[in-house]
Amino acid sequence: MRSRARSITTPVAEIPLAPHFGPLWWGGLLVALSLVGLLGLTLVSSLIFGVGLWGVNIPNVWGFDLINYAWWIGIANGASLFAATLVLRRHDLRTAVNRFAESVALFGVICAGMFPIVHLGRPWLFYWVFPYPATYQVWPQFRSTLTWDFWAISTHAIVTTLLWYVGLIPDLATLRDRARRPLAKRVYGVLALGWRGSVRHWSYHQAAYRVVAILVLPLILVMQSTVAFEFATTLVPGWHETRLPLHFVATGLVQGLSMVLVIAMLLRRFLRLERYIDDYDVELLGKLTLASALVCGYLYFDEFMAILLSGPRQQIAGLNRMTGEYAGLYWAAVVYTVLIPQILWIKAARRSVVATVFVGLGISAGLWFDRFSLIVGGFQRDYLPSTWRSYAPTITETGLLVGTVGLFAALLLLFVRFIPVVSMFETRHDEHEEAS
Amino acid sequence: MAQLFSRRATTVFRASLVLGLVAVAGAAGLGYVSSRSDSTWNVGKPAPQPIPFRHDLHSGTLKIDCRFCHVSVEKAADAGMPSAQTCMTCHSQVWAGASLLEPLRSSLALDQPVTWTSVHRLPAYAFFHHGAHVSKGVACETCHGRVDQMAETVKTQTLSMGWCLDCHRDPVPHLRPQEAVFTMDWKPHDRDMPEDVRAFYRAASQRLTSCNTCHR
């Protein structure tokens, strides 16, 4: 039995231990790393020359910085929420997708966390938002959204890392045992924290994993609502809405799901993991994405109704989003996040790599358009017509966005290279249960 | 197969976890202490001056009033530094040829101010008004210490924002009657301020600690 349990997951364990990884991976990493270089360049120039390099100015005090932040944190929230739900429900799908869903969440947080720090203008003083006993004897302003960002992102980073790492420990031990090179053995050995697989270890591990997963659920809802409240507590038309937390949480979920779907399909294809991420898993992911896209559609309808029911200023601002300068982005958001996912009704589309990757990336792009439309649209028709100005990103801001995409891709590629992409111990557990 | 880790590995790992935490706590403690230390704020550290002016002699021994040299201290934001003419009131007669006073004589001749180095300079974003403080009963000594005993002028207080706020949050214990503002080593005859003064500062504490009271 023992040897059979081992052999089940051999192909998964062999991926990170393979001595060579092929030109495709190297090529991908090279492209991703060059984008990370671009990120470094734009970050450093934003640091040296300041946020004057960005297109933000009164009244558009928030631009790409907050659009990208809200977008990345949405991906992270959606993926975390999804992964934690699967752990708690002990759902079959968790064996296939949990590991990379958690990774998507973690990498999303890393990309998101950068923006609120650089957008401070004086990022080297970012620790001022932390309540520490400073010599100037003033606590941070707890009514300021800057401190909310700090608590939201740090909490998010901690629980996401915990969920990711706790779920990884038994698999790191497997890699330690299977690794052939002494250095790999030692590195995986230290990371496995002395895991020996005793019954006591397993019992502690199960408890810890579930406790972290339980922590994730309310925290993610609170954190995503916090991001939404940062907009809602301002008076900007279109932002000052009680429906905003719901909008952010629910659209974040479709964002996270679509990213998990894309990565599931790509891993399955490129690493030949059809046995672990099987047709059933992919089907279920496709259906979940479709369902959450429908929820997204409902939210757009709700947004439209809210605009109609609100005051005249909000109506002008709302209609401007649909007919004004950036109307194309608003409608693109609707098309990409609601209409195009409808092809997932077709079974063949749910199983096709091209179709799902197209739909998944489309949803992510669509949600980015949605955040852009929301953030820029509010300012374009503010209460003072004399300040009605538009916003366009500069090349530095675009570099930051593209750079974080590169960082995300690079982290994913490194993850695929060094860490088992599918949870081996969960797979063994499920196969064992089925066999007995 | 040989063992991957030695027997001591677990102990070393646990110890380094604990030591890591201790190091973080220690670094935090060190930061707390050093950010409050006098050396961080240059307390007690004299600055190089063009003329070795002695407050202990002028203010202490000769009992010259603060306002004789710092003329605008009761009216303006800046206390004011004496012009060469002010110094020459006496030094055209006393120590007239002293080489130490050469910068003073050239200042007079060239009509250029003497380039004193400030030891109490506040950052540009902090607005401080000497006149406001003096007229409310904040004594020279409260912030500048026993200047009448200083051979070299030094800071005796940190002048950190927290130090300012210590007084702004509750000014009454630090205030003196108007006639004692320029005295040194003043012992309060009666610590209790009149009730109307207390009531005034209870009401004023809100605006005394507003950001824009000092950061305008």
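The exercises below, each with a worked solution, concern a predicted model with chains A and B.

Residues are numbered from 1 along each chain as its sequence is written, and chains are lettered from A in the order in which they are written. Because the model is predicted, local features need pLDDT of at least 70 and side-chain atom pairs count only at pLDDT 80 or more, while totals for chains, interfaces and linings use all residues.

**Exercise 1.** Determine how helix 5 and helix 7 of chain A are arranged relative to each other.

*Solution.* Start with the helices, which are DSSP runs of H or I with at least four residues, numbered from the N terminus: helix 5 of chain A covers residues 145–178 and helix 7 of chain A covers residues 199–232. Next take their axes, lines fitted to C-alpha atoms over the stretch in contact, with angles from 0 to 180 degrees between N-to-C directions; these axes come within 9 Å and cross at roughly 155°. Since angles over 145 degrees count as roughly antiparallel, helix 5 and helix 7 of chain A are therefore roughly antiparallel to each other. Finally, consider the residues in contact, that is, with C-beta atoms, placed from the backbone, within 7 Å: among them are A:Trp148, A:His156 and A:Leu163 in helix 5, and A:Tyr209, A:Leu215 and A:Met223 in helix 7. By class, this contact has 17 nonpolar, six polar and one charged residues, where Ala, Val, Leu, Ile, Met, Phe, Trp, Tyr, Cys and Pro count as nonpolar, Asp, Glu, Lys and Arg as charged, and the others, Gly among them, as polar.

**Exercise 2.** Describe the side of chain B that touches chain A.

*Solution.* Count first: ten residues of chain B are in contact with eight residues of chain A. Then assign them to elements, where helix 1 (9–36) and helix 8 (161–169) of chain B are those that give two or more residues, and helix 1 gives the most, with four residues. Lastly, sort this side of chain B by class, which yields five nonpolar, four polar and one charged.

**Exercise 3.** Is B:Leu159, with its positive phi, buried or exposed?

*Solution.* Locate B:Leu159 in the loop between helix 7 (140–144) and helix 8 of chain B, and note that its phi is near 60°, a positive value in a residue other than glycine. A residue is buried if 20 or more other C-beta atoms lie within 10 Å of its own, exposed if 12 or fewer, and partly exposed in between; B:Leu159 has 20 such atoms and is therefore buried. B:Asn42, likewise not a glycine, has a positive phi of about 60°, but with 15 C-beta neighbours inside 10 Å B:Asn42 counts as partly exposed.

Definitions and conventions
Contact = placed C-beta atoms within 7 Å. Parallel < 35°, antiparallel > 145°, perpendicular 65-115°, else oblique.
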